[in-house]
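Got your viewer open? Keep the selection tool handy, and we'll walk through this chain one stop at a time.

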Amino acid sequence: MLSVATRVIAVAGALFGAFMVLRQGDKSTIALVIIGFWFATLAAAPFILPWRLAPSLDDHKLAGFVLLAGTVAAASFSVAVYWKTFVDNANPDAQDGLVFLFVPIYQLIGLGLAYWLATTLATRSGLQRRR
């Protein structure tokens with residue numbers, strides 16, 4: 001059950017990040033559209049980790065909850081940063097677009113740490129062997 005919730009949050013986070021990139025992108029030339037799709041893929045990429053690895057933690061509830069909490073934190077972080085930068089920004093700046101480069105890196109680090117902690121908990125409890 002926790003893996004389903006983790007996957008739903010991962011899909012929602014990936015779709016929101018890709019939507020914000022495509023919403024803010026310049027669509028005046030085909031090259032800029034292609035670059036926009038590349039950044040949309042980059043914004044959605046960190047959520048592949050919980051989507052792919054959540055079912056492997058179904059045997060251990062605490063490990064599944066840790067991965068779910070990490071996925072919720074990463075999705076909430078992206079929503080807060082993208083919203084504050086592009087929707088609720090009274091003074092837009094030319095460097096605001098850098099969040100599309102740095103937010104996915106921070107999300108990938110956070111989700112990687114959450115998965116590492118979850119697998120460590122599952123391994124130490126003896127319910128899952130290392131592969």
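Start by selecting lysine 84. This residue is exposed, with a relative accessible area of 51%. Now add aspartate 88, which is partly exposed at a relative accessible area of 46%. These two form a salt bridge, and their closest N and O atoms are 3.7 Å apart. Enjoy the pair, since the count of salt bridges comes to one.

One thing to keep in mind as you click around: this is a predicted model.

**Zoom out**

Switch to a cartoon view of the whole chain. You should find five helices and zero strands, so the pattern along the sequence is simply α-α-α-α-α. Turn the chain around a little: its C-alpha atoms fill a box of roughly 55 × 30 × 20 Å along the principal axes.

Next, show the surface. About 8100 Å² is exposed, and carbon and sulfur atoms supply 70% of that. Of the 131 residues, 34% count as buried.

Try colouring by charge, too. The chain has 10 positive and 6 negative charges, and the mean positions of the two groups are 15 Å apart.

**Into the core**

Hide the surface and select Ala18, Met20, Val21, Ala40, Ala43, Tyr82, Phe86, Val99, Phe100 and Val103. Together they make up the largest nonpolar core, with ten residues. Which elements give two or more residues to this core? They are helix 1 (2-24), helix 2 (30-44), helix 4 (61-87) and helix 5 (99-124). As a rule, nonpolar side chains in soluble globular proteins tend to be buried together.

Stay there and pick out phenylalanine 86. Setting aside residues up to four places away in sequence, phenylalanine 86 touches Met20, Gln24, Asp96, Gly97, Val99 and Phe100.

**Along helix 4**

Now slide to threonine 71, which lies in helix 4. Is threonine 71 buried or exposed? Its relative accessible area is 0%, so threonine 71 is buried. Show what surrounds it: leaving aside neighbours within four places in sequence, threonine 71 is in contact with Thr6, Ile9, Ala10, Phe47, Pro50 and Leu111.

One of those contacts, Pro50, is your next click. Proline 50 lies in helix 3 (residues 48-53) and is buried, also with a relative accessible area of 0%. Not counting residues up to four places away in sequence, proline 50 touches Thr6, Ala10, Leu67, Thr71 and Leu111. Try your distance tool on proline 50 and alanine 10: they are 40 residues apart in sequence, and 6.6 Å apart in space, C-alpha to C-alpha.

Go back to helix 4 and select alanine 69. At 37% relative accessibility, alanine 69 counts as partly exposed. Add alanine 114, which is 45 residues away along the chain; the two C-alpha atoms are separated by 8.1 Å.

**Last look**

Return to the full view and turn on contacts between residues at least 6 apart in sequence. How many of these join residues at least 24 apart? The figure is 74%. The pairs proline 50 with alanine 10, 40 residues apart, and alanine 69 with alanine 114, 45 residues apart, are good places to finish exploring.

Key:
Residues numbered from 1 in each chain as written. Predicted model: local features only at pLDDT ≥ 70, side-chain atom pairs only at ≥ 80, totals over all residues. Heavy atoms only, no water. Helix = DSSP H or I, 4+ residues; strand = E, 2+ residues; numbered from the N terminus. Buried < 20%, exposed > 50% of the residue type's maximum accessible area, 1.4 Å probe, protein only. Contact = heavy atoms within 4.5 Å. Areas by Shrake-Rupley, 256 points an atom, 1.4 Å probe, with all protein chains shown as cover. Lys, Arg positive; Asp, Glu negative; His and termini not counted. Charge placed at Lys NZ, Arg CZ, Asp CG, Glu CD. Core = buried A, V, L, I, M, F, W, Y, C linked by side-chain atoms within 4.5 Å. Salt bridge = Lys/Arg side-chain N within 4 Å of Asp/Glu carboxyl O.
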